[in-house]
Amino acid sequence: MAKVEHIGIAVQNMEDAIKTYTLLLGVSPYKEELVESEGVRTVFFQLENIKIELLEALSTQSPVGKFLEKRGEGLHHIALEPNRDIADQHQYLQSNTIKLLNEKPKEGADEKNIFFVHPKDAHGVLLEFCKEQ
Ligand code: CMX
């Protein structure tokens, strides 16, 4: 069975968001990472069985930059960890005509291989699939 690995939240100002989420979650972030290929600065909080990822855009033209401009701050994506290999999961969904946003899994934040499903093919939710490299 797949599990929810993390939830991504788009924020305008990372410093403000870190303060807020440190207070709300009762834990400090364990990792900060720039993911140039996605145009994003990420900060992760580890909870008991899920992570929260804060996302700040590196540019207005990046996916998170466009999201913030169009929809404002808030829930950006849900990341699922499949129980099968990430490449097998990609192939399985592709063969079932789900619109994927990456031709194949690629390196993402937090030492994971990742790919995204278009929100139009997931009833309005951007889904990420991720698995440890
Ligand atoms: N959640 C739900 N819907 C979303 C969305 C999101 N995060 N981002 C965009 N949409 C919606 C848009 O509102 C739009 O809906 P309407 O047609 O009803 O207006 C639709 O999806 C298409 O959006 P668009 O404006 O045509 O396309 P964009 O250029 O904004 O691209 C998307 C949208 C999802 C294809 C793009 O953001 C993408 O490729 N995302 C995957 C990569 C990514 O998000 N990386 C950042 C996170 C990296 C990390 O976690 O480390």
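**Exercise 1.** Which element gives the most to the shell around the ligand, and with how many residues?

*Solution.* A note on the model first: it is predicted, local features need pLDDT of at least 70, side-chain atom pairs count only at pLDDT 80 or more, and totals for chains, interfaces and linings use all residues. Residues are numbered from 1 along each chain as its sequence is written, and side-chain values use heavy atoms, leaving out hydrogens and water.

Step 1: take the 18 residues that surround the ligand, each with a heavy atom within 4 Å of it. Step 2: look for elements (DSSP runs numbered from the N terminus: helices H or I, at least four residues; strands E, at least two). The elements giving two or more residues are β4 (51-57), α2 (63-71) and β5 (74-81). Step 3: α2 gives the most, with six residues.

**Exercise 2.** Find the distances from ligand oxygen atoms to the side chains of Lys70, Arg71 and Lys120.

*Solution.* Use polar contacts, pairs of N or O atoms within 3.5 Å. Lys70 gives 3.0 Å, Arg71 gives 2.9 Å, and Lys120 gives 3.0 Å. Next comes cover: the protein hides 74% of the 970 Å² of accessible area that the ligand has on its own (Shrake-Rupley method, 1.4 Å probe).

**Exercise 3.** Work out where β5 sits in the sheet.

*Solution.* Step 1: write the order of the open, mixed sheet of eight strands, β2-β3-β4-β1-β5-β8-β7-β6. Step 2: read off that β5 stands between β1 and β8. Step 3: check the pairing (at least two DSSP bridges); β1 (residues 3-10) and β5 are antiparallel over seven bridges, and Ile9 stands opposite Leu75 in β5.

Methods
A polar contact is a pair of N or O atoms within 3.5 Å; within protein, one must be able to donate a hydrogen and the other to accept it, and residues adjacent in sequence count only if both atoms are side-chain atoms.
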